[in-house]
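User: Could you teach me how to read the features of a protein model, one at a time? I would like the general idea first and then the case at hand.

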Amino acid sequence: GGQAHRGTTRGWRVAFHYAYVLRCHDGEWYVGLTDNLSRRMEQHAAGRVPATAHRLPVELIYYEACRSRTAAAEREQQLKTGFGRGYLKRRLAHEN
């Protein structure tokens with residue numbers, strides 16, 4: 001919730017929503033959605049997100065920026081599927 005993170009690009013106001021993936025201390029992934037990635041990472045690190053509070057520390061391993069909350073929520077749901085996790089494994093394997 002809250003206000004979308006905004007940046008300025010040549011006078012344009014740009015607001016993004018993010019689907020993101022964390023690697024938790026237990027080796028599992030957490031897939032989430034936010035409109036302010038920096039703030040959300042601070043919340044995770046501080047143990048203020050119930051789903052990851054018992055799995056700290058967490059590491060941000062992937063995110064996608066979307067122009068609407070609806071698009072980011074759809075992408076979050078896709079990344080939670082078997083197909084989405086396979087995509088992430090292939091994508092992340094090429095970056096390491």
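Analyst: Gladly! Helices and strands here are DSSP runs, with at least four residues for a helix and at least two for a strand, numbered from the N terminus. With that in hand, the chain of this predicted model reads β-β-β-α-α-β-α-α along the sequence. There are 4 helices and 4 strands in the protein chain.

User: Thanks. What share of the 96 residues counts as buried?

Analyst: Buried means under 20% relative accessible area, and exposed means over 50%. By that cut-off, 40% of the 96 residues of the protein chain are buried. As for contacts, 55% of those between residues at least 6 apart in sequence join residues at least 24 apart.

User: Now a helix, please. Which residues of H1 are buried?

Analyst: The general idea helps here. An α-helix has 3.6 residues a turn, so residues three or four places apart point the same way. In helix H1 (residues 37-45), the buried residues are Leu 37, Met 41, Gln 43 and His 44. Seen down the axis of H1, the buried residues fall within an arc of 160°, so they line one face of the helix. Ser 38, Glu 42 and Ala 45 are exposed on the other side of H1.

User: And which residues of H3 are buried?

Analyst: Ala 72, Arg 75, Glu 76 and Leu 79 are the buried ones in H3. The arc they cover around the axis is only 105°, which puts them on the same side of H3.

User: Back to H1 for a moment. Which residue caps its N-terminal end?

Analyst: That is Asn 36, with a side-chain oxygen 3.4 Å from the backbone nitrogen of Ser 38. Asn 36 sits in the loop between strand S3 (29-34) and H1, and Asn 36 is buried, at 16% relative accessible area.

User: What about backbone geometry? Where is phi positive, and where is there a cis peptide bond?

Analyst: The background is simple: most residues other than glycine have a negative phi, and most peptide bonds are trans. Gly 47, which follows H1, has a positive phi near 75°. The cis peptide bond joins Leu 56 and Pro 57, with omega at about 0°. Pro 57 is placed in the loop between H2 and S4.

User: How do I read the packing of two helices, and what are the values for H3 and H4?

Analyst: Two packed helices are described by the angle between their axes and the distance between the axes. Helix H3 (residues 69-79) and helix H4 (residues 82-93) pack at about 85°, and their axes are 6 Å apart. Angles from 65 to 115 degrees count as roughly perpendicular, and H3 and H4 are therefore roughly perpendicular to each other. On the H3 side, the contact is made by Arg 75, Gln 78 and Leu 79. H4 contributes Gly 84, Arg 85, Tyr 87 and Leu 88.

User: On to charged pairs. How many salt bridges does the count come to?

Analyst: The cut-off is a side-chain nitrogen of Lys or Arg within 4 Å of a carboxyl oxygen of Asp or Glu. By this rule there are 5 salt bridges. One of them joins Arg 23 and Glu 59, with the closest N and O atoms 3.2 Å apart. Arg 23 lies in strand S2 (residues 12-24) and Glu 59 in strand S4 (residues 58-66), so this pair ties together parts that are 36 residues apart in sequence. Arg 23 is partly exposed at 34%, and Glu 59 is partly exposed at 44% relative accessibility.

User: Are the partners in the Arg 39 and Glu 76 pairs buried or partly exposed?

Analyst: Arg 39 meets Asp 35 in a salt bridge of 3.1 Å, N to O. Arg 39 is partly exposed, at 30% relative accessibility, whereas Asp 35 is buried, at 6%. Glu 76 and Lys 80 form a salt bridge at 3.4 Å, N to O. Here Glu 76 is buried, with a relative accessible area of 11%, while Lys 80 is partly exposed at 39%.

User: One last residue: which residues does Thr 52 touch?

Analyst: A contact means heavy atoms within 4.5 Å. Leaving out residues up to four places away in sequence, Thr 52 touches Leu 22, Cys 24, Tyr 30, His 44 and Val 58. Thr 52 is found in helix H2 (residues 50-53), and Thr 52 is buried, with a relative accessible area of 0%.

Methods: Residues are numbered from 1 along each chain as its sequence is written. This is a predicted model: local features need pLDDT of at least 70, side-chain atom pairs count only at pLDDT 80 or more; totals for chains, interfaces and linings use all residues. Side-chain values use heavy atoms; hydrogens and water are left out. Buried means under 20% relative accessible area, exposed over 50%, partly exposed in between (1.4 Å probe, protein chains only). The arc is that of the directions from the helix axis to the C-beta atoms. A polar contact is a pair of N or O atoms within 3.5 Å; within protein, one must be able to donate a hydrogen and the other to accept it, and residues adjacent in sequence count only if both atoms are side-chain atoms. Axes are lines fitted to C-alpha atoms, for helices over the stretch in contact, and angles run from 0 to 180 degrees between N-to-C directions. Angles under 35 degrees count as roughly parallel, over 145 as roughly antiparallel, 65 to 115 as roughly perpendicular and the rest as oblique.
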